[in-house]
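Hello,

I am passing a structure on to you, and below it you will find what turned up when I went through it. I hope the notes help you find your way around.

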Amino acid sequence: MSVRILLCCVAVWLAGSVLPVMAGGMDELEQASRQPSRPPPQRIVALSWEAAENLLELGMTPLAVADADDYRQWVVRPRLPAQVPSAGSRLEPNLELLASLKPQLIIISPSLLSMRASLQRIAPVLNIDAYQPGQDHAQAAERILLQLGRVLGRERQAQQRLQQLEQGFAGLRRQLQARGAATWPTVQVIRFANPSMVYVYGSNAMPVLALRRLGLRTTAQPAPSVWGVSQQRVGQLVALQQDIVLYQQPFAAAPQLFASPLWQGLPFVRQQRFAAVAPAWSYGGAASLFYLAQGMTDALLHLPIATAASRPSLR
């Protein structure tokens with residue numbers, strides 16, 4: 001793409017008109033980050049949770065967030081202030097509310113591209129496609145935080161935050177290594193859909209990428225979805241004979257399932273290689289990757305396999 005065409009595309013976006021999702025090999029966020037608007041927008045609505053997360057990590061409170069109450073239950077961190085209203089659902093935003101807020105920018109995910117024309121009557125729209133096939137989602141998440149920081153005039157904050165996260169990962173790795181993590185079995189991460197079905201995270205899912213960032217081994221396999229998950233029946237977890245198994249909270253039906261004979265008979269349950277991980281968003285950005293790692297580290301360090309390493313020797 002020539003510089004002239006690139007500048008024309010950016011100008012169209014600034015005017016709130018429609019841009020193609022991909023142009024000249026660059027996605028929309030990359031185009032915007034190469035020619036950020038001056039002054040950068042301050043009144044921003046986030047219609048995806050990864051956008052809300054990234055805004056908060058950059059020190060910006062969104063005007064409104066889609067499914068805000070569910071964000072507070074499922075994403076949890078970074079904390080969304082109580083006064084931030086819900087902008088409707090992530091698939092059907094409240095256009096009347098959005099218009100009343102008079103935003104300067106609306107950030108969407110590809111799931112809302114069909115509503116783009118309606119949203120652009122309210123404010124310029126920026127589509128961030130965080131989960132594209134064939135990419136490393138962890139690397140993409142860091143790139144997105146930097147590019148969004150550039151668009152919003154907060155590139156320095158984005159760089160500082162990424163440095164903090166890397167230092168945080170290093171601290172978690174040290175904790176795990178001190179408890180003998182190099183000798184542990186492989187680790188698998190799951191999320192329950194209901195008492196009979198479970199999502200198993202594959203090799204390019206964010207929880208598995210977080211495990212690898214922690215230096216832990218996993219036998220997670222490639223999954224068919226772009227988000228890296230596959231669905232199984234709970235009984236199929238019997239195949240995890242030697243693994244440590246972690247599950248992402250929340251799971252409201254946990255007492256019902258965990259009391260069942262089927263569950264109690266699974267090898268990782270009988271051998272106390274199973275633990276809950278504090279809520280963190282499995283489809284989020286760079287900060288969510290760290291919060292996932294932080295929750296998994298805490299869960300692992302409370303397992304018998306880790307606590308045994310900290311007991312004094314009898315000799």
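Asn54 counts as buried, because its relative accessible area is 4%, and the cut-off for buried is under 20%. Please keep in mind as you read that this is a predicted model. Asn54 sits in helix α3. Setting aside neighbours within four places in sequence, Asn54 is in contact with Ile144, Leu145 and Leu148.

Asn54 also takes us to an enclosed space. How many cavities of 30 Å³ or more does a search of the whole structure find? The search turns up 1, and the largest cavity holds about 50 Å³ of space. Glu50, Ala51 and Asn54 belong to its lining, together with Ile128, Ala130, Ala141, Ile144, Gly284 and Gly285. Two elements, α3 (49–57) and α7, give two or more residues to this lining. The element that gives the most is α3, with 3 residues. Sorted by class, the lining of the largest cavity has 5 nonpolar, 3 polar and 1 charged residues.

From the cavity it is natural to move on to α7 and its partner. In general, two packed helices are described by the angle between their axes and the distance between the axes. For helix α7 (residues 137–151) and helix α9 (residues 206–213), the axes come within 9 Å and cross at roughly 90°. So α7 is roughly perpendicular to α9. Which residues make this contact? On the α7 side they are His137, Ala138, Ala141 and Glu142, and these meet Met206, Leu209 and Arg213 of α9. By class, the contact of α7 with α9 has 4 nonpolar, 1 polar and 2 charged residues. You may recognise Ala141 here, as this residue is also part of the lining of the largest cavity.

Next come the open spaces. The largest pocket contains about 670 Å³ of space. Its lining is made of 23 residues, and those nearest the pocket centre are Glu50, Arg90, Trp227, Trp281 and Tyr283. Glu50 will be familiar too, as it is named in the lining of the largest cavity. Both α3 and β7 (187–192) supply at least two residues each to the lining of the largest pocket. This lining divides into 15 nonpolar, 4 polar and 4 charged residues.

The second largest pocket holds about 200 Å³ of space. There are 16 residues in its lining, with Gln188, Val200, Gln221, Ser230 and Gln232 nearest the centre. The elements giving two or more residues to the lining of the second largest pocket are β8 (197–201) and β9 (229–233). What about charge? This lining has 9 nonpolar and 7 polar residues, and no charged residues.

There are also some backbone details to look at on your screen. A cis peptide bond joins Arg77 and Pro78, with omega at about -5°. Pro78 lies in the loop between α4 (68–74) and α5 (95–101). Another cis peptide bond joins Gln249 and Pro250, where omega is about 5°. You will find Pro250 in the loop between β10 (244–248) and α10 (254–258).

Two residues are worth a look for their phi angles. Lys102 has a positive phi of about 55°, although it is not a glycine. Lys102 is in the loop between α5 and β5 (105–108). Is Lys102 buried or exposed? Its relative accessibility is 62%, so Lys102 counts as exposed, the cut-off being over 50%. Gln272 likewise has a positive phi of about 55° without being a glycine. Gln272 is placed in the loop between α12 (267–270) and β11 (274–277). With a relative accessible area of 51%, Gln272 is exposed.

Finally, here is the chain as a whole. The secondary structure of the protein chain comes to 14 helices and 11 strands. Of the 315 residues in the protein chain, 52% are buried. Among contacts between residues at least 6 apart in sequence, 62% join residues at least 24 apart.

If you would like a place to start, try Asn54 in helix α3, and then go on to the crossing of α7 and α9.

With best wishes

Conventions
Residues are numbered from 1 along each chain as its sequence is written. This is a predicted model: local features need pLDDT of at least 70, side-chain atom pairs count only at pLDDT 80 or more; totals for chains, interfaces and linings use all residues. Side-chain values use heavy atoms; hydrogens and water are left out. Axes are lines fitted to C-alpha atoms, for helices over the stretch in contact, and angles run from 0 to 180 degrees between N-to-C directions. Helices (H or I, at least four residues) and strands (E, at least two) are DSSP runs, numbered from the N terminus. Angles under 35 degrees count as roughly parallel, over 145 as roughly antiparallel, 65 to 115 as roughly perpendicular and the rest as oblique. Contact means heavy atoms within 4.5 Å. Ala, Val, Leu, Ile, Met, Phe, Trp, Tyr, Cys and Pro count as nonpolar, Asp, Glu, Lys and Arg as charged, and the others, Gly among them, as polar. On a 1 Å grid over the protein atoms alone, a cavity is a set of points where a 1.4 Å probe fits but cannot get out, and a pocket is an open set with protein on both sides within 12 Å along at least five of seven lines; lining residues have an atom within 4 Å of a point. Grid points are joined across faces, edges and corners, and a volume is the space filled by probe spheres set on the points. Buried means under 20% relative accessible area, exposed over 50%, partly exposed in between (1.4 Å probe, protein chains only).
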